[in-house]
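Me: I am new to this structure and should like to learn how to read its features. Could you take me through them in order?

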Amino acid sequence: MTQLTRKEIESIENKLHERQQDLLEEVRDELDERENQSFAAMMGNDPGDNCDFSLADLLADLNIVRVYRQINELREIERKLAQIKKGSANECINCGKEIGLQRLLAYPIAMRCVSCQERHEQMYVHEGHPSL
């Protein structure tokens with residue numbers, strides 16, 4: 001397996017840290033927006049207007065799904081940073097083969113080589129996808 005250079009590892013780490021900061025900001029914004037929507041709904045809606053409440057519930061559910069995905073991506077970033085710290089940044093967690101620099105630069109949280117990822121997606125295609 002080809003070892004990544006320090007510069008390549010730093011490039012991947014920088015991408016991970018940038019995405020991590022973006023996600024943290026997005027989660028904060030989503031939670032602030034949700035809090036403001038809840039407050040506005042309590043203060044301004046007529047209790048008899050079920051349509052507005054239904055729409056507010058739907059929007060709240062969509063925000064929850066979005067935050068759930070963002071938090072999962074944050075966890076993946078943490079796992080990848082831990083893998084980098086162990087010195088196995090480009091090692092597939094399934095087969096142990098090389099993930100490949102181009103894949104890591106395009107998708108820094110990749111934990112599997114392309115063939116293992118394809119098998120993983122085929123096996124778990126319906127698992128873990130929240131739906132409304």
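**Salt bridges**

Reply: Let us begin with a charged pair in this predicted model. The side chains of Arg 19 and Glu 26 come together in a salt bridge, at 3.6 Å from N to O.

Me: What is the general idea behind such a pair, and how many salt bridges does the structure hold?

Reply: Side chains of opposite charge can pair when their charged atoms come close. The structure holds five salt bridges, and the one between Arg 19 and Glu 26 is among them. Salt bridges that share partners also join Arg 6, Glu 10 and Glu 13 into one network.

Me: Are Arg 19 and Glu 26 buried, partly exposed or exposed?

Reply: Partly exposed means a relative accessible area between 20% and 50%. Arg 19 has a relative accessible area of 29%, so Arg 19 is partly exposed. Glu 26, with 30%, is partly exposed as well.

Me: Which salt bridges make up the network of Arg 6, Glu 10 and Glu 13?

Reply: Arg 6 forms a salt bridge with Glu 10, in which the closest N and O atoms are 3.5 Å apart. Arg 6 also forms a salt bridge with Glu 13, and there the closest N and O atoms are 3.2 Å apart.

Me: Where do Arg 6 and Glu 10 lie, and how far apart are they in sequence?

Reply: Both Arg 6 and Glu 10 lie in helix H1, four residues apart, which is about one turn of the helix. Glu 10 counts as partly exposed because its relative accessibility is 37%.

**The overall fold**

Me: What secondary structure does the protein have?

Reply: One counts the helices and strands, then reads their order along the chain. Here the protein has four helices and zero strands, and its elements run α-α-α-α from the N terminus on.

Me: What percentage of the residues count as buried, and how much surface does the protein expose?

Reply: Of the 132 residues, 27% count as buried. The protein exposes about 9400 Å², and carbon and sulfur atoms supply 51% of that area.

Me: What part of the contacts comes from residues that lie 24 or more positions apart?

Reply: Among contacts with a separation of 6 or more, residues 24 or more positions apart account for 62%. The residues discussed next give individual cases.

**Positions far apart in sequence**

Me: Which residues does Glu 13 touch?

Reply: Glu 13 lies in helix H1. Not counting residues up to four places away in sequence, Glu 13 touches Arg 6, Leu 81 and Ile 84. Glu 13 and Leu 81 are 68 residues apart in sequence, and their C-alpha atoms are 7.1 Å apart in space.

Me: Where is Leu 81, and is Leu 81 buried or exposed?

Reply: Leu 81 is found in helix H2. Leu 81 counts as buried because its relative accessibility is 14%, while the cut-off for buried is under 20%. With residues up to four places away set aside, Leu 81 touches Glu 13, Leu 16, His 17 and Gln 20. Leu 81 and Leu 16 are 65 residues apart along the chain, and 7.7 Å separates their C-alpha atoms.

Me: How does one read Gln 70 in the same manner?

Reply: Gln 70 is found in helix H2, which covers residues 50-86. At 6% relative accessibility, Gln 70 counts as buried. Its contacts, not counting residues up to four places away in sequence, are Leu 23, Glu 26, Val 27 and Glu 30. Gln 70 and Gln 20 stand 50 residues apart in sequence and 9.4 Å apart in space, C-alpha to C-alpha.

Me: Where does Pro 108 lie, and which residues is Pro 108 in contact with?

Reply: Pro 108 lies in the loop between helix H3 (101-106) and helix H4 (114-123). Its relative accessible area is 15%, so Pro 108 is buried. Apart from neighbours within four places in sequence, Pro 108 is in contact with Ile 12, Lys 15, Leu 16, Lys 80 and Arg 103. From Pro 108 to Arg 19 the separation is 89 residues in sequence and 9.6 Å in space, C-alpha to C-alpha.

**A charged patch**

Me: Which residues form the negative surface patch?

Reply: Glu 18, Asp 22, Glu 25, Asp 29, Asp 32 and Glu 33 form the negative surface patch. One of these residues, Asp 32, has its place in helix H1, residues 6-44. Asp 32 counts as partly exposed because its relative accessibility is 45%.

Key. Residues are numbered from 1 along each chain as its sequence is written. This is a predicted model: local features need pLDDT of at least 70, side-chain atom pairs count only at pLDDT 80 or more; totals for chains, interfaces and linings use all residues. Side-chain values use heavy atoms; hydrogens and water are left out. Helices (H or I, at least four residues) and strands (E, at least two) are DSSP runs, numbered from the N terminus. Buried means under 20% relative accessible area, exposed over 50%, partly exposed in between (1.4 Å probe, protein chains only). Contact means heavy atoms within 4.5 Å. Accessible areas come from the Shrake-Rupley method with a 1.4 Å probe; for residues, only the protein chains shown count as cover. Patches are made of residues with over 30% relative accessible area and no salt bridge: like charges are joined within 9 Å, nonpolar side chains (Val, Leu, Ile, Met, Phe, Trp, Tyr) within 5 Å. A salt bridge is a side-chain nitrogen of Lys or Arg within 4 Å of a carboxyl oxygen of Asp or Glu. Lys and Arg count as positive and Asp and Glu as negative; His and the chain ends are not counted. The place of a charge is taken as NZ of Lys, CZ of Arg, CG of Asp or CD of Glu.
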